[in-house]
Structure formats: structure tokens, C-alpha cells
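Trainee: I should like to go through this model and ask, for each term, what justifies its use. May we begin with the ligand and then turn to the sheets?

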Amino acid sequence: MAEIDKEARIEVTDGALIPDSAEKSIFSAWNISFFGALIILIILPIVSPDPYKEILLFIPDGVAKTFQVTVLSIIFALVVGLFAGLGRLSRVKIINRIATIYVEVVRGIPLLVQLFYIYYALGKLVQLPRMTSAIIAMTFCYGAYMGEIFRAGIQGVPQGQMEAALALGMTRSQAIWKVIIPQTFKIILPPVGNEFIALLKDSSLVSILAVSDLLRRGREYASTTFMYFETYTIVALIYLVITLFLSRIVAYMEKRLKINGRV
Amino acid sequence: MAEYRIQIKDASKNYGKVEALKNANLNIGAGEVVLVIGPSGSGKSTMLRCVNKLETLSSGDIWVDDDCVTDPKSDIRKIREEVGMVFQSFNLFSHLTALKNITLALTTVKHTSSEEAEKIGKQLLERVGLSDKEKSYPGQLSGGQQQRVAIARALAMNPRVMLFDEPTSALDPEMIKEVLDVMLDLAKEGMTMMVVSHEMGFAKAAADKVVFMDEGEIIETGTPAEVFDSPKEERTKTFLQHIL
Ligand SMILES: Nc1ncnc2c1ncn2[C@@H]1O[C@H](COP(=O)(O)OP(=O)(O)O)[C@@H](O)[C@H]1O
Ligand SMILES: [Mg+2]
């Protein structure tokens with residue numbers, strides 16, 4: 001029973017690239033990509049205001065929309081994920097089975113297909129607004145991934161914590177909510193940050209439902225001006241700057257958590 | 001009233017093919033301090049953990065006073081409130097301060113008001129000599145301090161029995177005494193205690209009874225003098241030569 005606290009760490013597949021903290025040089029991959037992209041974004045409209053300045057004025061609405069979809073979806077996905085994770089660990093067979101099926105189903109269907117399905121196929125039954133459909137689909141999809149993160153996070157809390165809580169007379173659910181879950185947050189914060197970045201990138205898929213996110217705004221501009229190269233260059237650079245910036249924040253959080261150790 | 005505070009009767013526990021506990025019988029009276037010794041893997045923890053049902057016996061029965069732990073109809077949570085447990089690895093709640101570690105079960109299990117719980121918590125911290133640490137998190141405390149908080153946390157439920165599973169084995173030598181001192185005080189106050197430990201000093205000073213276990217069986221039971229100074233069983237002798 002003498003479990004030594006292992007450093008609980010959850011690897012997630014599809015986040016942004018995490019800047020390697022060992023890479024200290026100013027010419028690190030992150031620095032080159034981030035500041036390179038930023039400098040191009042600043043210089044282009046100065047050097048050639050037409051069309052770059054116009055594009056940059058046209059697109060910000062889309063950035064706001066992208067964040068709106070991402071933030072709302074991640075919040076709902078966290079709630080769904082918490083219950084999916086608990087379900088996956090539940091001793092009640094039926095709950096466990098339902099949660100597992102949910103995760104398997106979501107993982108087996110491409111997000112783009114899920115988006116189509118919820119908006120167009122289910123639209124035969126209830127026609128939801130585009131934005132709502134988009135958020136539901138992202139929540140449904142990312143809820144499953146969050147569920148796996150929560151599951152790993154809960155399992156990452158040493159067994160002795162549950163035993164100590166039970167030995168004091170707590171019920172399992174009191175132990176889970178008061179002792180285990182609060183300790184998972186530290187473990188899951190970095191992977192949740194990575195999922196946020198992944199979701200932000202995937203949110204570009206909602207442009208297919210004509211939700212006017214960053215990508216959609218670019219498409220709207222390009223299709224009227226035919227300046228595909230210029231527009232999509234800007235769109236790509238904006239995505240890049242945002243995700244690189246966020247990935248740096250996630251890496252920073254991870255480092256802070258490591259330093260603090262077990263506070 | 002039951003004759004004994006803890007009664008272990010024909011208790012066996014299997015993990016698959018492993019017989020961790022074989023037909024153990026042990027009676028512990030109110031206020032008795034029982035020391036459980038034996039080599040690693042001999043079933044000491046298993047026996048202790050069956051008393052508060054962290055593990056469930058495969059066969060046999062255990063009573064705490066008049067409550068049958070092994071009866072599926074008993075409310076095990078009520079029994080656990082009466083049976084405090086202290087672990088080798090402390091198992092303090094790492095997200096809570098020392099004080100909150102002590103008050104959590106009071107407020108959630110006993111529904112004590114938070115002011116009252118805090119009062120009890122502060123008294124207990126004073127009792128284990130850690131009044132100045134109420135706001136510290138477990139990670140900021142030494143092993144000895146953590147174990148003293150863990151004892152205070154168990155005492156908060158006002159238990160009738162305390163179980164200690166190698167409470168000093170994870171500690172640096174210089175911290176063992178501060179924990180044993182708290183345990184000695186408890187023993188003097190008349191707490192019924194079941195202690196898995198090889199601390200001879202504590203055994204001589206506080207134990208009423210010593211139980212030697214090997215391969216899941218209770219081999220020998222007696223007073224500390226009987227078991228340590230003139231063990232009857234060959235296995236006990238061999239083991240004692242090892243640890244003394
Ligand atoms: N959860 C478990 N699963 C399987 N085997 C176990 C488990 N817990 C203990 N055992 C086995 O039961 C035996 C007794 O273990 P334990 O009671 O922990 O011994 P001790 O505390 O005296 O060192 C050992 O052989 C151990 O490997
Ligand atoms: Mg043990």
C-alpha cells in the first residue's frame with residue numbers, strides 16, 4: 001500500500017506542439033514561428049495595404065466567432081467530460097457501458113461527419129440554429145476526449161486518498177467530489193489546455209455550416225475579391241499566432257504546476 | 001455490551017490464490033494496545049484493513065463492540081466513524097490545509113457546523129503540537145508533521161478504536177519520536193489501539209499485547225515480555241533475531 005506519488009501525466013494526441021522548455025535559444029522553433037508570423041502580419045499591411053489591410057479589417061469578427069465557439073464548446077465539453085469520465089470509472093455496469101459506448105462512438109466518427117449529422121441529418125427532426133448545432137457537435141466530440149482526460153486524472157490521484165476518505169466514514173461519492181475531483185484539476189489542466197488549442201483549430205470545421213468564424217470570414221472575403229492567396233495567407237497566420245501563443249501559456253502552466261509540486 | 005472492543009473470529013482473506021489471512025482469531029479489550037509484528041507480506045495490513053472493511057473478509061467475522069463489520073446489513077460507514085485509521089504513507093488530502101484535512105470529515109460525515117469543526121480541528125492540532133501549521137498544506141510539512149496531522153484527522157471523528165499501519169516506517173529516523181510520542185499519549189489516555197509496527201520502544205512502553213504473524217497466520221500472542229523475552233514458537237524467535 002506504500003504507493004509513492006507518481007508524477008501523473010496525461011499525454012494527449014492532437015494538441016498544438018508544446019514548446020520544449022529546454023529550448024532556450026532566441027532562435028527556438030517556437031520563437032521563429034511565432035514572431036515570424038507576427039512580423040509578417042504586421043509588415044504585410046504596411047508594405048501593401050491593398051489588400052492586406054482590408055483583409056485584416058474584414059476578418060476580426062471571425063476571430064471573435066472562433067473564440068466564441070471554442071470557449072462555449074470547451075466549457076460544455078468539460079461538464080460532459082467530467083460525467084463521461086466518472087461514468088467510465090463507475091462500478092454501475094450500465095452507466096459504465098453507456099459512457100464507454102459514447103466515447104467509442106465519438107472517437108469512431110470524424111468530427112466533420114458529426115457536424116453534418118447534427119445539423120443536416122438531425123435537422124430532419126429538429127432544425128437547430130447553425131451556431132447551436134456547431135457548439136453541440138463540438139461539445140459532443142470533445143466531451144468524449146475530456147472524459148478520457150478526467151478518467152486518467154481521477155486515476156492519477158493516489159489510491160490512498162480514496163482509502164483515507166472512506167476510512168473516515170465518507171461515502172464513495174463524498175470522497176469523489178470532496179477529495180478526488182479537486183485533486184484532478186491540477187493533473188488535467190495541461191491536457192485540457194491542449195484540448196482547448198485542438199478545439200480552436202477544429203472549430204474551423206464549423207465554417208462548413210456557414211458559421212462565420214475566422215476561416216469563413218476569409219472565405220467570404222476571398223470569394224468576392226478572388227484574392228485567395230492573400231486572404232488564406234492571413235487566415236493561416238492568424239491561426240498560427242493564436243495557437244502558438246496559447247501553447248506557450250499551456251507550457252507555462254505545466255511548468256508552474258511542476259514547480260509547485262504537491263502544494 | 002460486548003465483552004471485547006474488537007473481536008476477530010476465524011478470519012480469512014484470499015486474494016485469488018494468495019491466502020493473505022488464514023483463520024485469524026484475536027480479541028482486543030477496551031483500552032488495550034495491541035502491537036502486530038511479523039515479516040513483510042505476513043498479512044498484518046490485511047488484518048488491520050479488514051477491521052474497517054477497506055478489505056472484505058473471505059470468511060469469518062469481525063466485530064467492533066456490538067457492530068458486526070462483516071455483516072452486509074451493517075452500516076459500515078457508521079462503524080468507520082468509530083474506527084480511526086492511520087496509514088504508512090499518511091494519505092493527507094493534498095489539496096487541503098492541515099486544518100481542513102481535519103475538519104472535512106466532520107462537516108461532511110458528522111454534519112458538524114464549520115465553526116464547531118474548526119474549533120475541534122484547532123484543539124486537535126494543538127494536541128499533536130502543530131498549532132502553528134493549521135494553514136500549511138501537506139506538501140509544506142515534514143513527514144513527521146504530516147503523520148501527526150493524519151492522527152489528528154482520525155481523532156476528529158472521536159473514534160473508539162485507532163488502527164495504525166506502520167505509522168513510522170515512511171519517516172526519517174529523527175521524526176519517528178514525535179509521532180510515537182503522540183501515540184503514547186493516546187495509549188495513556190486509554191484509547192484502544194491496533195498498531196502494526198516494529199518500534200520496540202513503543203512496544204515496551206505502551207503495548208498490552210503483542211501478536212506475531214507469519215504467512216497470514218497469527219503464530220503467537222502474549223504480553224510484550226512473553227513474546228519478546230521468551231517466545232514459544234521457533235518462527236517468532238527467528239523473526240525477533242532478525243529485527244533486534
Ligand atoms: N490488493 C491485493 N491484491 C493481491 N494480493 C494482495 C493484496 N494486498 C495484499 N496482498 C498479498 O497478501 C499478502 C499479505 O499482505 P499484507 O497484508 O500487505 O502484508 P504485510 O502488511 O504484513 O506486509 C501478501 O502476500 C500480499 O502480496
Ligand atoms: Mg503492510
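Mentor: Let us begin with a definition: a polar contact is a pair of N or O atoms within 3.5 Å. Please keep in mind that this is a predicted model.

Trainee: What makes the pair formed by S45(B) and ligand 1 a polar contact?

Mentor: A polar side-chain atom of S45(B) lies 2.7 Å from an oxygen atom of ligand 1. The cut-off is 3.5 Å, so the pair qualifies. The side chain of T46(B) also places an N or O atom 2.5 Å from an oxygen atom of ligand 1. For S42(B), a polar atom of the backbone is 3.1 Å from an oxygen atom of the ligand.

Trainee: How much of the accessible area of ligand 1 does the protein cover?

Mentor: On its own, ligand 1 has 560 Å² of accessible area, and the protein covers 63% of it.

Trainee: Which elements give two or more residues to the shell around ligand 1?

Mentor: They are strand 2 (18–28) and helix 1 (44–51) of chain B. Helix 1 of chain B gives the most, with 3 residues. The residues around the ligand include Y15(B), V18(B), A20(B), G43(B) and K44(B).

Trainee: How is the shell around ligand 1 divided by class?

Mentor: It has 4 nonpolar, 6 polar and 1 charged residues. Glycine counts as polar under the definition used, and G41(B) and G43(B) are among the residues of the shell.

Trainee: Strand 2 of chain B also belongs to a sheet. Why are strand 2 and strand 5 of chain B said to stand at the edges?

Mentor: The sheet is open, with 4 strands in the order 2-1-4-5 and antiparallel pairing (chain B). Strand 2 and strand 5 (67–68) of chain B each have a single partner strand, so one side of each is left without a neighbour in the sheet.

Trainee: How do you know that strand 4 and strand 5 of chain B pair?

Mentor: Pairing requires at least two bridges. Strand 4 (residues 59–64) and strand 5 of chain B are joined in the antiparallel sense over 2 bridges, so the requirement is met. The bridge partner of W63(B) in strand 5 of chain B is C68(B).

Trainee: What is the strand order of the sheet of 6 strands in chain B, and why is its pairing called mixed?

Mentor: The order is 6-7-8-3-9-10, in an open sheet of chain B. Strands of a sheet may pair either parallel or antiparallel. Strand 6 and strand 7 (residues 161–165) of chain B pair in the parallel sense over 4 bridges, whereas strand 9 (residues 209–214) and strand 10 of chain B run antiparallel and are joined by 5 bridges. Both senses occur, so the pairing is called mixed. Within these pairs, G84(B) has M162(B) as its bridge partner, and M213(B) stands opposite I218(B).

Trainee: What makes strand 6 and strand 10 of chain B edge strands?

Mentor: Strand 6 (83–86) and strand 10 (217–222) of chain B each pair on one side only. Neighbouring strands of this sheet are turned by 15° against each other on average, direction ignored.

Trainee: Which helix lies across strand 6 and strand 7 of chain B?

Mentor: Helix 5 (residues 143–155) of chain B does, running at about 170° to strand 6 of chain B.

Trainee: What is noted about the backbone in the hairpin of strand 9 and strand 10 of chain B?

Mentor: The hairpin has 2 residues between the strands, and E215(B) takes a positive phi near 50°.

Definitions and conventions. Residues numbered from 1 in each chain as written. Chains lettered and ligands numbered in written order. Predicted model: local features only at pLDDT ≥ 70, side-chain atom pairs only at ≥ 80, totals over all residues. Heavy atoms only, no water. Axes fitted to C-alpha atoms, helices over the stretch in contact; angles between N-to-C directions. Contact = heavy atoms within 4.5 Å. Near = heavy atom within 4 Å. Polar contact = N/O pair within 3.5 Å; in protein donor to acceptor, adjacent residues only side chain to side chain. Areas by Shrake-Rupley, 256 points an atom, 1.4 Å probe, with all protein chains shown as cover.
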